[in-house]
Amino acid sequence: MKYARAFASSFVLELRSLFRTGVFAAAIALCAAAVAFLPPFLRSDGTDAGQVSIYVRVVFGAVFMVSGAAAFGSACGSYAPARGSSRLSLDLLRPFPPALGYVARCLALAAFSAAVTLCGGAMAAARMMVDGDANPQGGLPECRRMTPPVFEKTLAEEAEEDYAKVLSAPAENEDEERRLANYRDNPKFMVIWALEKKAANGVTIVSPGATHGFRFKLPGGPCTVRIKCPLLLGLRSSFGGEFTLGGETAKVDRIPGSEILIGYENPAADPDGTAAFTFKNGAGRSVILRKRRDIVLLSPGDSFCANFARAAISWTGIVGLFCAFGLMFSSALSRPVAVFTAAMLLIAVMLAPVSSSQIPNPSTMSWGDFIGICISHVLAGAMEPVYDASPVGALADGFMVDLAQALKMLAAGCIAAPAALSPLAGSALKSNPQE
Amino acid sequence: MVVELDRLTKVFRDFWLRPVVKAVDGLSLSIGKGEVFGLLGPNGSGKSTTVKMLLGLLSPTSGRVSVFGGSPRSVAVKARIGYLPELSHLHPFLTARECVAYYAGLSGLPRGEARERTRQLLEMTALSGAADRPVSGFSKGMARRVGLAAALVGRPELLVMDEPTSGLDPVGTRDVKTLVRLLAGSGVTVLMTSHLLADVADVCDRVAIMSHGALAASGKVADLLAKTDAMQLDLPGAGPETAAEIAKELSARIGAPVTARRPSVSLESYFLSTVSRDAPEFRLAPFLQK
Ligand SMILES: Nc1ncnc2c1ncn2[C@@H]1O[C@H](COP(=O)(O)OP(=O)(O)O)[C@@H](O)[C@H]1O
Ligand SMILES: [Mg+2]
């Protein structure tokens, strides 16, 4: 509270610099150019829905990129002109901790990016409403709510169970012996991490003629079940069978491709609000489903505008995260070096979650491996909201961006990240050589 | 004591930490409350470096700095200091008013109070007419006046000015001197540096002269400048004949030659009296008065 006024002053100063040095105008001009000139180059799959989807993906994607790049680029150069000069000295000499000034600037950059996103998005939406080529259906598309099935066990519980099962089972051959050793001789938390990752990708195999069941929480009214099947056994396969939801059964024959959509008029829910969904495999081959990824329930969502607003919230969070890093490096480095360093670091962080679900071999694991696994696990956890957020994809596919997820991303990128990095940025600013 | 520097030394080092230059060498001095202190010395003698260490912008290689009995890096001490740097780097996209208001905000002043102080300071520094123009178009002297307003907006108890008169015209210089006198009168401690002795000598209570980073002399201005082996007489209303007569008599009496010459005003005071005959008198912003 004591620093509220100083905080607001720093925030306003950064915003003023972005508006008055022409960064905002340039970003809006780029968005307008994207809205004006990109659509003629888009080639869709011919369907109306496909046309809308590619328009949203490319044009809104461009708006998001412009707002992100403008904010990130500005973040990386924000302190550079003042570093080592009396302009920074004057800020440092005020009774206001520089770490808080850093946080205020991060927030200003995020607000700036939100403003660009909203203006650019409004232009892109306006074209979609008036231009029949961008959206043959006219108006703005609706979005659909995506609900995953209800699972009895959480990932952690599944992993625990798996762990207990392996440890209690006697090993009967050399392979099992080795696996048991890996489970037993590694720290337990590390095995659990790997098992959780495995469970998230866990598969269910449905043999020909067999039936597999899931449960969905029904929203009431018409809905659609979507099954993606990237793992059909054998290439160019097709699959089909009987799909029952809440008493309504649909028969689908040998759909080619990898995605099935089954519509239901008004499936009946059990008293607890959920309903059983069963899949009877009618194809001649086994079907492999990643049960936590490949099957979802789609139901009517809300308007495109509301969905865009949620996507923008989530994007602002992601941009905030980038800006927090860019701004931190700008407190110690010149703009080009800060851009390079921040981008490299963020790319490394983004790649880190591609850590394996393999359980490491304890006999060959070094301390370096151990620390590496721990770091990549923490980073993967930190970056999870960024991956889950992926706002442009959801917007283009017409899926509802989860508001809770979007707010989580916003909090992570615009509050948690700047707060966590602010001590570093603050001390870098204080130790800056003056003139 | 408001400022105490104890055997302060600063050695600048290069990237490999090899010493490059000893900018300040064992400097000790102290400044009391309400005092106007001048740090004088030629270019490169270490005045700015001393000031920056005093403000906590540079870390001393050795020695101790105490301002208001504490570290200048503490927030509580910073709230009591105002600083006018040697070069004014202002935010070029702000107007003069926004610029001063920004520093008022950083000092934590409530919005209304910040606005009022800003107005008073812009009036005091004769910037009211240019208050809403971007500072990127300001001349050096105007920029320095904005910097001065920014330094004063927090109502500092210690005002540190690095070369406050550089880039100012004689009127501006006179105004700075008047300001310093008025501030000192209301209890503010002032430390200023200059390489021009004449610019500051007549407002400083005490001066220290630095040379190659070390203290060469210090004391009251009058003491430093006084010739101990001669006296001067003023003869108001005397013509050249009378003066020559008296000189002859005196010469006979003390047994040494006595010279008589007509006192002349300096070019500066002549300039001031011609240029600012009808300029308004410099007034301290009301909120700065006690
Ligand atoms: N950041 C710096 N790095 C290296 N040398 C410096 C630095 N700042 C000042 N110096 C040197 O320290 C000496 C004193 O400089 P300074 O304090 O600016 O002098 P003054 O203000 O009295 O003109 C000069 O020789 C100058 O070159
Ligand atoms: Mg200097």
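In this predicted model, a convenient place to begin is A:S74, which sits in helix α3 of chain A, the helix that runs through residues 48–77. Because its relative accessibility is 12%, and buried means under 20%, A:S74 counts as buried. A polar atom of the A:S74 side chain lies 2.7 Å from the backbone oxygen of A:A70.

From this residue of chain A the description can turn to chain B, which has 10 helices and nine strands. The C-alpha trace of chain B spans about 70 × 50 × 35 Å along its principal axes, and of the 290 residues in chain B, 46% count as buried.

Ligand 1 brings the two chains into one picture, for this ligand lies between chains A and B. There are 12 residues around ligand 1, and those that come nearest are B:G44, B:G46, B:K47, B:S48 and B:T49. Three of these residues can be followed down to single atom pairs with oxygen atoms of the ligand. For B:K47 the partner is a backbone N or O atom, which lies 2.8 Å from an oxygen atom of ligand 1. For B:S48 a polar side-chain atom lies 2.7 Å from an oxygen atom of ligand 1, while for B:T49 an N or O atom in the side chain is 2.5 Å from an oxygen atom of the ligand. On its own, ligand 1 has 560 Å² of accessible area, of which the protein covers 67%. Two elements of chain B, the strand β2 (19–31) and the helix α1 (47–55), give two or more residues to the shell around ligand 1, and α1(B) provides the largest share, three residues. By residue class, the shell around ligand 1 divides into six polar, four nonpolar and two charged residues.

The empty spaces of the model form the next part of the account. Cavities of 30 Å³ or more number four. The largest cavity holds about 150 Å³ of space and is lined by 14 residues, among which A:S10, A:Y79, A:D91, A:P98 and A:G101 lie nearest its centre. Elements of both chains take part in this lining, since at least two residues each are supplied by α1 (4–20), α4 (86–92) and α5 (98–130) of chain A and by α3 (96–106) of chain B. The lining of the largest cavity consists of 10 nonpolar, two polar and two charged residues.

The second largest cavity, with a volume of about 110 Å³, also has residues of both chains in its lining: A:L92, A:L93 and A:K430 come from chain A, and B:L55, B:G56, B:L57, B:P72, B:R73 and B:K78 from chain B. Sorted by class, the lining of the second largest cavity has five nonpolar residues, one polar residue and three charged residues.

Pockets, unlike cavities, are open sets of points, and one of them closes this tour. The second largest pocket contains about 840 Å³ of space. Its lining is made up of 22 residues, and the ones that lie nearest the centre of the pocket are B:Q232, B:L233, B:T259, B:A260 and B:R261. In the lining of the second largest pocket, 14 residues are nonpolar, four are polar and four are charged.

Notes: Residues are numbered from 1 along each chain as its sequence is written. Chains are lettered from A and ligands numbered from 1 in the order in which they are written. This is a predicted model: local features need pLDDT of at least 70, side-chain atom pairs count only at pLDDT 80 or more; totals for chains, interfaces and linings use all residues. Side-chain values use heavy atoms; hydrogens and water are left out. On a 1 Å grid over the protein atoms alone, a cavity is a set of points where a 1.4 Å probe fits but cannot get out, and a pocket is an open set with protein on both sides within 12 Å along at least five of seven lines; lining residues have an atom within 4 Å of a point. Grid points are joined across faces, edges and corners, and a volume is the space filled by probe spheres set on the points. Ala, Val, Leu, Ile, Met, Phe, Trp, Tyr, Cys and Pro count as nonpolar, Asp, Glu, Lys and Arg as charged, and the others, Gly among them, as polar. Helices (H or I, at least four residues) and strands (E, at least two) are DSSP runs, numbered from the N terminus. A residue is near a molecule or strand if one of its heavy atoms lies within 4 Å of it. A polar contact is a pair of N or O atoms within 3.5 Å; within protein, one must be able to donate a hydrogen and the other to accept it, and residues adjacent in sequence count only if both atoms are side-chain atoms. Accessible areas come from the Shrake-Rupley method with a 1.4 Å probe; for residues, only the protein chains shown count as cover. Buried means under 20% relative accessible area, exposed over 50%, partly exposed in between (1.4 Å probe, protein chains only).
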